[in-house]
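Visitor: I'd love a tour of this model, one question at a time. Could we have it on screen before we start?

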Amino acid sequence: MRDTNYYTYETALGGIVIVADKKSITHIKRDKDLDMSAFGAREKSSLTDMAACQLGEYFARERKEFDLPLDPGGTDFQKAVWTALREISFGETRTYKQIAEMIGKPKACRAVGMANNKNPIWIVIPCHRVIGADGSLVGYGGGLKMKEKLLNLEGARNTARRL
């Protein structure tokens with residue numbers, strides 16, 4: 001276990017836990033979706049405060065891009081998927097197939113879905129912007145109602161932009 005600290009912040013969508021080590025944000029999840037016993041001390045830091053501030057701006061529609069040092073861990077494949085997700089602009093969506101193509105693995109749609117499911121940094125690594133091939137809202141760990149709320153906040157269309 002890395003030397004981390006965490007803190008729970010109240011947001012427009014309820015309690016969100018932000019976990020950081022000395023250099024980067026490692027997790028952002030709803031408080032009910034994260035086992036805090038895996039992390040160090042429950043205390044704020046400049047990094048957790050910075051992330052909370054940027055999330056507050058996002059919820060207020062004042063921020064469309066995040067500027068945070070991130071270290072989500074993960075496998076090389078997961079990291080490739082998470083990097084591709086960060087390329088999806090605010091208010092846009094992509095399909096699992098499009099993400100698979102973006103990372104050079106066009107047949108890896110299911111694996112992209114699994115990487116999305118393991119994403120430890122909610123919203124900042126925007127897995128909520130990935131939709132089904134038919135434009136439907138599918139496969140979100142926070143639940144489809146939460147996915148819909150986030151996409152509505154961004155004014156996203158439920159169809160992926162053609163690449």
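Visitor: Does Ile123 count as buried or exposed?
Guide: Before we look, this is a predicted model, in which local features need pLDDT of at least 70 and side-chain atom pairs count only at pLDDT 80 or more, while totals for chains, interfaces and linings use all residues. Residues are numbered from 1 along each chain as its sequence is written, and side-chain values use heavy atoms, with hydrogens and water left out. Buried stands for under 20% relative accessible area and exposed for over 50%, with partly exposed in between (1.4 Å probe, protein chains only). At 1% relative accessibility, Ile123 is therefore buried.

Visitor: And where does Ile123 lie?
Guide: Helices (H or I, at least four residues) and strands (E, at least two) are DSSP runs, numbered from the N terminus. On that numbering, Ile123 is in the loop between α4 (109-117) and β6 (130-131).

Visitor: What is the phi of Ile123, given that it is not a glycine?
Guide: Most residues other than glycine have a negative phi. Ile123 goes the other way, with a positive phi of about 70°.

Visitor: Arg61 has a positive phi as well; does Arg61 count as buried or exposed?
Guide: Arg61, which is not a glycine, has a phi near 65°. Arg61 is found in the loop between α1 (46-59) and α2 (76-85). Because its relative accessibility is 54%, Arg61 counts as exposed.

Visitor: How much space lies in the largest pocket?
Guide: A pocket, on a 1 Å grid over the protein atoms alone, is an open set of points where a 1.4 Å probe fits, with protein on both sides within 12 Å along at least five of seven lines; lining residues have an atom within 4 Å of a point. Points are joined across faces, edges and corners, and the volume is the space filled by probe spheres set on them. For the largest pocket, that space is about 200 Å³.

Visitor: How do the residues of the lining of the largest pocket divide?
Guide: Ile123 turns up again here, in a lining that also includes Phe66, Ile88, Arg86, Glu87 and Ser89. Ala, Val, Leu, Ile, Met, Phe, Trp, Tyr, Cys and Pro count as nonpolar, Asp, Glu, Lys and Arg as charged, and the others, Gly among them, as polar. The lining then comes out as six nonpolar, one polar and five charged.

Visitor: What does the lining of the second largest pocket have, by class?
Guide: The second largest pocket holds about 160 Å³ of space. Its lining includes Lys29, Asp33, Asn116, Trp122 and Tyr140, and β3 (25-30) and α4 each supply at least two of the residues. By class, there are three nonpolar, six polar and three charged.

Visitor: Which order do the four strands of the open sheet have?
Guide: Two strands pair if DSSP finds at least two bridges between them. The pairing in this sheet is mixed: β1 and β2 are antiparallel over seven bridges, whereas β1 (residues 5-11) and β4 run parallel with two bridges. The edge strands, each pairing on one side only, are β3 and β4 (41-42). The order is β3-β2-β1-β4.

Visitor: Which residue in β4 is the bridge partner of Tyr6?
Guide: Tyr6 has a bridge partner in β2 too, namely Val19. In β4, the partner of Tyr6 is Arg42.

Visitor: At what angle does α1 run to β2?
Guide: Axes are lines fitted to C-alpha atoms, for helices over the stretch in contact, and angles run from 0 to 180 degrees between N-to-C directions; contact means heavy atoms within 4.5 Å. Helix α1 lies across β1, β2 (14-20) and β3, and its angle to β2 is about 140°.

Visitor: In β3, which residue is the bridge partner of Ala20?
Guide: β2 and β3 are antiparallel and joined by five bridges, with a hairpin of four residues leading from one to the other. Ala20 has as its partner in β3 Ile25.

Visitor: What is the relative accessible area of Ile25?
Guide: Ile25 sits in strand β3, where six of the six residues are buried. Beyond four places in sequence, Ile25 touches residues including Leu47, Thr48, Ala51 and Ile121. Ile25 is itself buried, with a relative accessible area of 0%.
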